[in-house]
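User: Could you take a close look at one part of this protein for me? I would like to understand its second largest pocket, and how its lining is put together.

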Amino acid sequence: DFLCISLVNGFTQLRYNLGDRTVILQTLQKVHTNGNTWHLLNAGRVGNEGYLNLDGVNVTQKASPGMNALDTHSDFFVGGVSSLNLVNPMAIENEPTGFTGCIREMVINNRELNLTVTDPKGGANIGDCDGTDCGYTVCKNNGTCQVGNSGFSCSCPKDWTGTRCEQSIHCSQNMCGSHALCIPQPSSFSYTCACALGWTGKYCDNKIEFYIAKFVGNSYIKYTDPFYGKRDLQYSRLSLNFTTNQTEGLIAWMGKSEDEDNDFLAIGLANGTLKVVINLGERISVPLMDRKYFTCSDGRWHFTTVVQNHTCVKVYLDEELILFEDIDPQKKYTALNYGGICYFGGFEIGRKVNTVTTGLFQKEFTGKIKDVVLFQDSKKIQLMKAEGYNIHDGNSGN
C-alpha cells in the first residue's frame, strides 16, 4: 500500500494503492515554476475515493468497490526519500527524483507537522526557505513578525504575550506550580491550573496518591501498556469498575486516537446506558448498545468487561453477559491494533471527546474508575504510574 503526491511534467499528481489497484488523479492546471508563487494543495482519500485540489480546483475519482484502508507501516517522507529504491514503481510516473522548492504548513489528518530542525525524525539537505529570521509562523496566535537588526520581534494580539506570542496574558502572572499547566479563562480574565497526575489543589501543590481515580469532567489518564509487543491482538480484554451519576461520558478508549484510521475499543455511557464501540480496521466502528439496562448512572459501582475474540465481542455488566455479537462474519480484520495506548475519562487537554470520537461519545467522564485490568493480566494496572491531568483521589470526598 502507498499514497504519493508528486510533480509530473508540471502537473500535480496523487497516486495511491490500498491493496488492489493503483488510483491516479492529476490536476487540471500546471503549477507556476517561477519560484515565487505559493500553491495550496489538498489531497487525500475517503475510503477508496480520492480527491486532489490545487488552488481551489478540485479533481475527484469516484470509488469503485474494493479496498478501503491504507495499511502502511513506513516512515512518512516529505520532499524526497532516504533511498530512491524505497519508492514503489507504481507510485510515480517517471524515475523518482527529489523535490526542489519550498513546502510550508503541512497538515496530515488535521494535525500540523512542524517542519523545523528538531521536530522531524530525520532528514538531509534542507534549508530555510523564507530567507529571513521570521520564517513561517514564528509568531504564534496570529502575531505579526518583524525583522530587525538583532533578529525578529513579534507584535501580539491583545490576549497574547511572550517573544513568540505563545503565552496568554491571563497566564503571564500565574501561580500554578511546577506540576501544573496554566489554562487561560479569557471570559473571566483569569486562569485555572490543570494538575498533573499525583497533584491537586488550586495551584497543584498538594501531592496525592490514589487507587480509585476520580474524574471531574476535564480529567484524563493516558496509560501506555508495557506488554503491548507481547499481546495476542486477536484476543483483547478490558475490565474495570466505574461509578457515575452522569448519563453521558467516555469511560475508556483502547487505541492511539491520532487519526480516524486507528483501531480502537471504547466503553462509555449514552443516555445512561452502557455503550461499547469497536473498530478493527477500515473505519467500520460498530456501536453496541445495551438496551436492557438503564442503571449505569445511579451512583453505584458497576463492573464491566469487554472481550474481543477475533470479530466476536462479548460485553459483561455486573457479571451478566448483556451483549454478544459477531461484528464482521467475513472476518476481514480480526486484530485490535491499539498501539499500546489506553485513555480513561477523556483525551489530552484541548481535545474534546465528541470531536476525537466523531460523535460516538458526547462528553468527558465524570465519576470514579478503579480495578482496571488489561487482557488477563494477574495485576491491575497502576493508574498512578500513567500520565494525565486533573485526577483526584477517589477514596476521599474531594
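Analyst: Happy to help; here is a walk through that pocket, followed by a short look at a small sheet elsewhere in the numbering.

Please keep in mind that this is a predicted model. The second largest pocket holds about 320 Å³ of space. It is lined by 17 residues, and those closest to its centre are N218, E348, I349, G350 and K352. Three elements each give two or more residues to this lining: β13 (180–185), β14 (190–195) and β17 (213–224). Of these, β17 contributes the most, with 4 residues.

What is the make-up of the lining by class? There are 7 polar residues in the lining, along with 6 nonpolar and 4 charged ones. The lining also brings two domains together in one list: domain 2 (180–208) and domain 3 (213–393) each supply at least three residues.

Now to the small sheet, in case you wish to compare the strands by eye. This open sheet has 3 strands in the order β4-β5-β6, and their pairing is antiparallel. β4 (41–46) and β6 (57–61) are the edge strands; each has a single partner strand, so one side of each is left without a neighbour in the sheet. On average, neighbouring strands here are turned by 10 degrees against each other, direction ignored. The antiparallel pairing of β4 with β5 (residues 49–54) runs over 6 bridges. If you want a spot to start from in that pair, find L41, which stands opposite L54 in β5.

Key. Residues numbered from 1 in each chain as written. Predicted model: local features only at pLDDT ≥ 70, side-chain atom pairs only at ≥ 80, totals over all residues. Heavy atoms only, no water. 1 Å grid on protein atoms, 1.4 Å probe; cavity = no way out; pocket = protein on both sides within 12 Å on 5 of 7 lines; lining within 4 Å. Points joined across faces, edges and corners; volume = space filled by probe spheres on them. Nonpolar A, V, L, I, M, F, W, Y, C, P; charged D, E, K, R; others polar. Domains from an automatic or database assignment. Pairing = 2+ DSSP bridges. Axes fitted to C-alpha atoms, helices over the stretch in contact; angles between N-to-C directions.
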